[in-house]
Amino acid sequence: MAAQIWGSEKRARRRREISAKIAQMPELHDSKPLPFMTREEKIMESARKLTILTEKMGQIIDPTDPAELYHLNNEVLGLEGNPMALHGVMFIPALSAQASDEQQAKWLPRALRREIIGTYAQTELGHGTNLQNLETTATYDLATQEFVLHTPQITALKWWPGNLGKSSNYAVVVAHMIIKAKNYGPHPFMVQLRDEKTHEPLPGITIGDIGPKMAYNIVDNGFLGFNKYRIPRTNLLMRHTKVEADGTYIKPPHAKINYSAMVHVRAYMLTGQAIMLASALNIATRYSSVRRQGQIDKSQPEVKVLEYQTQQHRLFPSIARAYAFQFAGAETVKLYEHVLKEMKSGNVSLMADLHALTSGLKSVVTYQTGEGIEQARMACGGHGYSMASYISEIYGVAIGGCTYEGENMVMLLQLARYLVKSAALVKSGQSSKLGPLVAYLGVKSEPTSLIDRIPNSGFTEYVKTFQHVSKRQTLKAADMFFGLMEKGEKREIAWNKCSVELNRASRLHTRLFIVEAFVRRVNEIADIRIKEALTDLLHLHVNYELLDIASYALEDGFLSASQLDYIRDQVYLYLGKIRPNAVSLLDSWEFSDIELRSVLGRRDGNVYENLFKWAKSSPLNKTDVLSSVTQYLKPMMEKARL
Ligand SMILES: CCCCCCCCCCCCCCC/C=C/C(=O)SCCNC(=O)CCNC(=O)[C@H](O)C(C)(C)COP(=O)(O)OP(=O)(O)OC[C@H]1O[C@@H](n2cnc3c(N)ncnc32)[C@H](O)[C@@H]1OP(=O)(O)O
Ligand SMILES: Cc1cc2nc3c(=O)[nH]c(=O)nc-3n(C[C@H](O)[C@H](O)[C@H](O)COP(=O)(O)OP(=O)(O)OC[C@H]3O[C@@H](n4cnc5c(N)ncnc54)[C@H](O)[C@@H]3O)c2cc1C
């Protein structure tokens, strides 16, 4: 199963080998539980481990393999981030996709050797979503052949970029490029922020940390202002766009090609989200098979809480989602790598499809991951609320994904633009022009679902039902939009008035893609036992998801009330079937105790003894009487006693 999850037997084996090596290297372990550290201590601890890793990485992993790097990162540095998180996730990908060969030769080897630390600085205090209204400017000075970066007002301060505040000395900065008073829109520039020797901010740069966040606090998300700060013309990233010495602008082959670093993260973050969801579920499911509370049959001893159907219903559909996201994420990364290769050689024809797909997926996956992790926390009762479970940190980090790389509603609306264009093709009889991801929009569907009538259809009837609801909602939302415009409404106003319906279409389309990716993967599996276990999970997935969106299929009679009962019964049937495999389905992800950082989720199940040990190690328990008591509470009580 681990081979299915991680892509191949080799990958699963490598992960095990890497975890085993790390287990033998105490210098790479947290020196004490992270929840007991202050933010400064955590940042220091992370930097300590990071520098050891830089020295010893080659002994542990193949540093050129992103999957091995990511596993090493999760084990040693953990998901609270590290001082170089953005260096690998966005700075290097931005340089790789957007810098010319010459620029790459100059900067990439230095970045890869970790001579410099970089980040991606785009969002500002006043604008994150609407890139057209970013306010930082890069004005070309013809006389000196330099760009002058400037922050005209407080809202133009860069705000949020990870590791910008304290760790990075370089950044890819996105600024509006102005040449001879003409604004060419946002473009990426390579900018040195700090002196390479002293790490002091360079003159003209104002920089710092934006303060503590809900989670992810090892990362120093930062602010940055420029006061007429000059960089050479050749620091504009020039793979696709060029500015010549005389100010001549050569436009890129696609208007949004400079957005590729965002698409990179949107594609890669899906499996990252799956991992966080599976981690939280691993903790909750293991704990649920240790925790005994109450009886189902009063004549029997107390049961493991995992025996309760409500507990299974709370956890198992999310297990199925974690697998579905991992499989859909793996497909998306493959597609992304393909499109990136094409883009580098000038073929930009697939960019719109990739943008639409990743926009929908990042939104649905992050939202459902958040839901699943929160359910996992509640499934652990009181102990889930303790930082000892570590689920709250996983939750905080995961839901950051609902916001970063494009706020979810906004990204769903990006996919909706693509769907509406596709709907227009269908309506004008040009369905043959539909891309493969939306081809179903042009296919006539049956009047009713056959779900309960062809039980051995190998999920075909389920896929057809998802296609039906997605198509119907897309055409309905598009009709609403076109109708308003026909009535004379301006395009943007009409769009806004339909946006809830449009986003519903985007979610349904994305959920269809996820279901199909899961079906595709299960169909490929040769090993009978693995196929059987995943088929059960897929049954739960399609039935649970369909129940969740049933209203769309009930409103036009595609599904009947009795079919809904059938679907519900299938959910209960598969909850029971999955129960014996539940812990194994999560243990198969092979997270080590080091990586999980959870007292509740320990592999050995020795929860209570370790919870007590953990509590005793709380800094508050170093003394029996705190100074807050001696200074305030004790005098107060004494005064009251007089
Ligand atoms: C094995 C390894 C595993 C690795 C796992 C890794 C896990 C990763 C963990 C992550 C760690 C956490 C790190 C966090 C880092 C966070 C970083 C950031 O947040 S960076 C900042 C991100 N910011 C955004 O995402 C901003 C969102 N806004 C936008 O993207 C855009 O403004 C917009 C798309 C909403 C609108 O753009 P605008 O230029 O204003 O568009 P127009 O309205 O003019 O045009 C729309 C038009 O353009 C098309 N479009 C838009 N984007 C793209 C694109 N990227 N590619 C192709 N086409 C694009 C769009 O489809 C429209 O087309 P049209 O034909 O007109 O419909
Ligand atoms: C943990 C974290 C890490 C980050 N790291 C980075 C980084 O490394 N580099 C970087 O540059 N940035 C980073 N960001 C910033 C992030 O990319 C932005 O916060 C994000 O893109 C959302 O933009 P915003 O904050 O402007 O939200 P807003 O756009 O202000 O969103 C507020 C509300 O307005 C709604 N809204 C906005 N526009 C529309 C619209 N057109 N239609 C409908 N509704 C709309 C949204 O849906 C939302 O409900 C990070 C953010 C976080 C939380």
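Begin by selecting glycine 162, which in this predicted model lies in the loop between β4 (158-159) and β5 (170-179). Glycine 162 has a relative accessible area of 5% and is therefore buried, the cut-off for that class being under 20%. If you now show its surroundings, leaving aside residues up to four places away in sequence, you will find that Glycine 162 touches Leu86, Thr119, Val219, Asp220 and Asn221.

Next, add threonine 123 to the selection, since the unreviewed UniProt entry lists Thr123 and Gly162 under "binding site". Although these two positions are spread over 40 residues of sequence, they cluster in space, with a largest C-alpha distance of 10.5 Å.

Stay with threonine 123 and look at the loop that holds it, which runs between β1 (118-121) and β2 (137-141). Is threonine 123 buried, exposed or partly exposed? Its relative accessibility is 25%, so threonine 123 counts as partly exposed, a class that falls between the limits of 20% and 50%. Among residues more than four places away in sequence, threonine 123 touches Gly128, Leu157, Lys158, Trp159, Trp160 and Pro161.

Finally, move to helix α13 and select residues 460-486, a run of 27 residues. At 1.5 Å a residue, α13 should span 39 Å, and because its end C-alpha atoms are 38 Å apart, the model agrees with that expectation. Continue along the chain past the helix to glycine 488, which follows α13 and has a positive phi, near 100 degrees.

Key. Residues are numbered from 1 along each chain as its sequence is written. Chains are lettered from A and ligands numbered from 1 in the order in which they are written. This is a predicted model: local features need pLDDT of at least 70, side-chain atom pairs count only at pLDDT 80 or more; totals for chains, interfaces and linings use all residues. Side-chain values use heavy atoms; hydrogens and water are left out. UniProt positions are given in the numbering used here, feature names are shortened, and annotations may be inferred rather than shown by experiment. Helices (H or I, at least four residues) and strands (E, at least two) are DSSP runs, numbered from the N terminus. Buried means under 20% relative accessible area, exposed over 50%, partly exposed in between (1.4 Å probe, protein chains only). Contact means heavy atoms within 4.5 Å. The expected span of a helix is 1.5 Å times one less than its number of residues.
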